[in-house]
2 protein chains.
Amino acid sequence: MRRALQLASLGRGGTSPNPLVGAVVLDAAGQLVGEGFHKRAGSPHAEVVALRQAGERARGGTVVVTLEPCCHHGRTPPCCDAVIAAGLKRVVVAMADPDPRVCGEGVARLRRAGLEVIEGVARAEATQLNRAFVHRVHTGRPLGILKWAMSLDGRTALPNGESQWISSQNAREWVHHLRATCDAVIVGGGTVRADDPLLTSRGRRHPEPLRVVLSRGLNLPKAARLWDQDGAATLVAHGPEAPLDRRLWLDAIGVERLEMGVCEPASLLEALAQRGCNQVLWECGPELAAAALRQLCVQELAAVVAPKLLGGLPARTPVGELGLSRIESDPSWTEDTVRRLGVDLVWTLSRASPSGTPRDRPRP
Amino acid sequence: MRRALQLASLGRGGTSPNPLVGAVVLDAAGQLVGEGFHKRAGSPHAEVVALRQAGERARGGTVVVTLEPCCHHGRTPPCCDAVIAAGLKRVVVAMADPDPRVCGEGVARLRRAGLEVIEGVARAEATQLNRAFVHRVHTGRPLGILKWAMSLDGRTALPNGESQWISSQNAREWVHHLRATCDAVIVGGGTVRADDPLLTSRGRRHPEPLRVVLSRGLNLPKAARLWDQDGAATLVAHGPEAPLDRRLWLDAIGVERLEMGVCEPASLLEALAQRGCNQVLWECGPELAAAALRQLCVQELAAVVAPKLLGGLPARTPVGELGLSRIESDPSWTEDTVRRLGVDLVWTLSRASPSGTPRDRPRP
């Protein structure tokens with residue numbers, strides 16, 4: 001199963017809306033005869049890749065797979081059928097597929113076909129690996145990561161607005177890797193105006209994550225690096241109040257628009273889930289970050305902290321008004337990791353589920 | 001020398017204005033026959049304690065001492081004389097005493113008396129151990145440590161002012177230990193009004209650090225825990241503009257006052273150096289912290305970062321206006337350590353000397 005999880009992680013950044021899945025096939029004598037992972041939606045599933053490699057040697061053997069084999073016709077035929085057809089004796093599964101079309105039915109069908117099924121091997125690791133997929137299936141929204149870079153005194157910019165080069169080269173490269181694990185990167189109009197960001201993984205993901213601008217009034221600069229879509233696509237999401245002339249201008253320069261009934265983080269994430277996003281990165285300013293947090297659109301935090309003091313009472317800080325009146329009322333961020341990247345620290349944290357996630361929310 | 005440095009550190013928090021010093025005595029055969037450390041100003045120096053323990057066995061032997069033996073009459077007679085009188089053959093010294101009354105003259109006198117002197121063994125460790133003493137001797141000011149506790153988004157309080165319980169119990173105990181290494185703890189009037197702090201080491205240092213309030217106008221609450229001096233002394237420093245009625249009130253409740261020509265961090269530190277402080281802790285609000293930084297009264301930072309988001313654009317942050325116009329113009333904080341204390345992180349940093357310290361400043 002450890003090997004199957006390693007294989008699964010090789011698909012990272014490419015499989016959405018599908019989960020990461022890895023599989024190994026052992027012959028009747030326990031020898032490894034096939035392995036595979038899911039590369040991207042529409043390509044063969046992990047079990048099928050591993051079984052093809054094993055061929056006749058799979059007969060009487062075992063398949064070890066990180067996620068319950070599917071039992072429905074999607075873009076590819078059901079994996080359960082392939083597993084049964086291969087003449088396997090046993091199936092070892094890490095976790096059930098949360099997809100309501102599968103969710104236990106895959107395992108049940110295998111058992112009805114007479115195969116031995118062992119469930120729950122390394123379930124915690126498998127659930128962690130696919131936490132974005134699980135979150136999206138349960139909530140109808142992609143998992144959100146809020147990332148910011150700040151000085152040791154909690155500033156994201158000097159009082160005069162200068163914000164470049166707070167973090168080191170090593171930390172910036174880590175951010176490129178982080179973007180490569182995400183299906184979309186989201187900013188607000190203010191960040192486009194202030195920083196003119198590129199928001200790509202610098203080639204670490206193919207295709208690059210979708211670059212999303214959430215802008216109520218479409219008050220956006222005429223020239224911006226985001227409008228050059230040679231290497232990465234850009235989507236501008238806005239509300240019904242966006243002026244017609246600005247919509248027409250975006251259409252004219254070839255930037256895709258998404259008009260939402262209400263211009264807010266939750267609506268955007270539901271739209272992005274429907275476009276197949278499992279995981280998104282918020283790289284926005286304090287007001288949008290606070291709105292995303294208030295609407296439970298953030299499940300993980302990634303704070304890059306640089307050993308510098310910037311100072312300044314009116315200077316910018318990472319998160320705007322959250323409406324808290326007691327410090328204890330802030331939900332806990334747990335399961336954290338601290339990394340050194342050059343001179344900087346990167347502290348990543350995730351909400352303790354289930355209380356911190358909107359899983360109990362009625363499905364839309 | 002490693003043992004001598006361990007011994008020296010046992011005096012931490014008690015020796016000011018003197019340095020931390022440890023010594024071991026080996027007999028002619030190299031056997032350990034005495035050890036000692038300097039406990040507090042006025043008590044015997046480390047070499048004398050170790051030589052007393054060794055007695056006649058020191059003759060023909062070696063003393064290993066973390067700091068050059070003194071050659072002047074202070075509160076105790078010169079240690080050089082004791083070393084020479086003990087009939088030792090060799091002296092091993094980690095670092096020269098920066099005190100201009102000693103500074104090489106101790107070693108020279110030992111050599112003139114025919115002893116072999118080996119200098120510079122573990123000099124870096126010894127200098128680090130006594131960095132506060134060295135800093136005070138070189139600059140005429142105690143070494144300053146600026147400490148704050150903040151949330152992951154750089155807040156020291158909620159917008160409504162609530163600031164208690166940002167950090168965990170473990171982190172608060174670490175702060176008590178930090179206070180125990182300092183001769184004084186400094187706040188401004190705003191912190192007294194907002195937090196009514198106790199500012200003690202909770203018994204980890206005897207006597208407790210001097211609690212200092214720097215307050216231009218003496219706009220201080222009538223009732224405050226700092227005015228109860230049963231367990232720890234309080235000093236209020238002010239400028240010439242402080243109203244007479246408030247001075248008289250402080251005198252009446254038995255709180256010591258210090259009137260300075262100008263009410264600012266640098267003047268306060270020079271006064272505290274003259275009172276024997278080697279190391280002080282700034283536990284103040286953002287404006288005073290920024291003033292202390294601007295006047296080079298801070299050589300080390302200790303940021304306690306809690307895994308919480310507080311948010312709020314008008315909320316309080318650790319450091320006020322520093323007058324920086326470029327991010328690169330902030331001096332580097334290096335030589336850092338990250339500790340986990342419960343759920344919190346504590347990041348301590350010090351300025352890269354000599355550029356970041358005011359050592360090149362003319363002596364007052």
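**How the two chains meet and fold**

In this predicted model, 41 residues of chain A are in contact with 41 residues of chain B. On the side of chain A that touches chain B, the elements giving two or more residues are helix α11 (286-294) and the strands β12 (300-306), β13 (333-341) and β14 (344-351). Sorted by class, that side of chain A comes to 25 nonpolar, seven polar and nine charged residues. As for chain B, 100% of the interface residues of chain A are interface residues there too, so the copies meet through the same surface.

The arrangement of the pair can be put simply. A turn of 180°, with a shift of 0.0 Å along the axis, lays chain A on chain B with an RMSD of 0.0 Å. This is how a two-fold axis relates two copies. Within chain A, A:Gly154 has the C-alpha nearest that axis, 1.9 Å from it.

Next comes the single chain. Chain A is built with eleven helices and 14 strands. Its radius of gyration is 23 Å, close to the 21 Å that the globule rule gives for 364 residues, so chain A is as compact as a globular protein of that length. Along the principal axes, the C-alpha trace of chain A spans about 70 × 45 × 40 Å. Half the chain is tucked away, in the sense that 50% of the 364 residues of chain A count as buried. Contacts also reach along the sequence: among those in chain A with a separation of 6 or more, 71% are between residues 24 or more positions apart.

For a look at one piece of the fold, chain B serves as the example. Here an open sheet of five strands runs in the order β2-β1-β3-β4-β5, and its pairing is mixed. The edges of the sheet are β2 (32-37) and β5 (116-119) of chain B, each of which pairs on one side only. On average, and ignoring direction, neighbouring strands of this sheet are turned by 15° against each other. Inside the sheet, β1 (residues 22-26) and β3 (residues 62-67) of chain B run antiparallel and are joined by four bridges. B:Leu26 has B:Thr62 of β3(B) standing opposite.

Two helices of chain B go with these strands. Helix α1 (residues 2-9) of chain B lies across β1, β2 and β3 of chain B, and runs at about 140° to β1(B). Helix α2 (residues 46-54) of chain B also lies across β1, β2 and β3 of chain B, with an angle of about 150° to β2(B).

Conventions
Residues numbered from 1 in each chain as written. Chains lettered and ligands numbered in written order. Predicted model: local features only at pLDDT ≥ 70, side-chain atom pairs only at ≥ 80, totals over all residues. Least-squares fit on C-alpha atoms with pLDDT ≥ 70 in both. Contact = placed C-beta atoms within 7 Å. Nonpolar A, V, L, I, M, F, W, Y, C, P; charged D, E, K, R; others polar. Rg over C-alpha atoms; globule rule 2.2 N^0.38 Å. Buried ≥ 20, exposed ≤ 12 C-beta atoms within 10 Å, placed from the backbone. Pairing = 2+ DSSP bridges. Axes fitted to C-alpha atoms, helices over the stretch in contact; angles between N-to-C directions.
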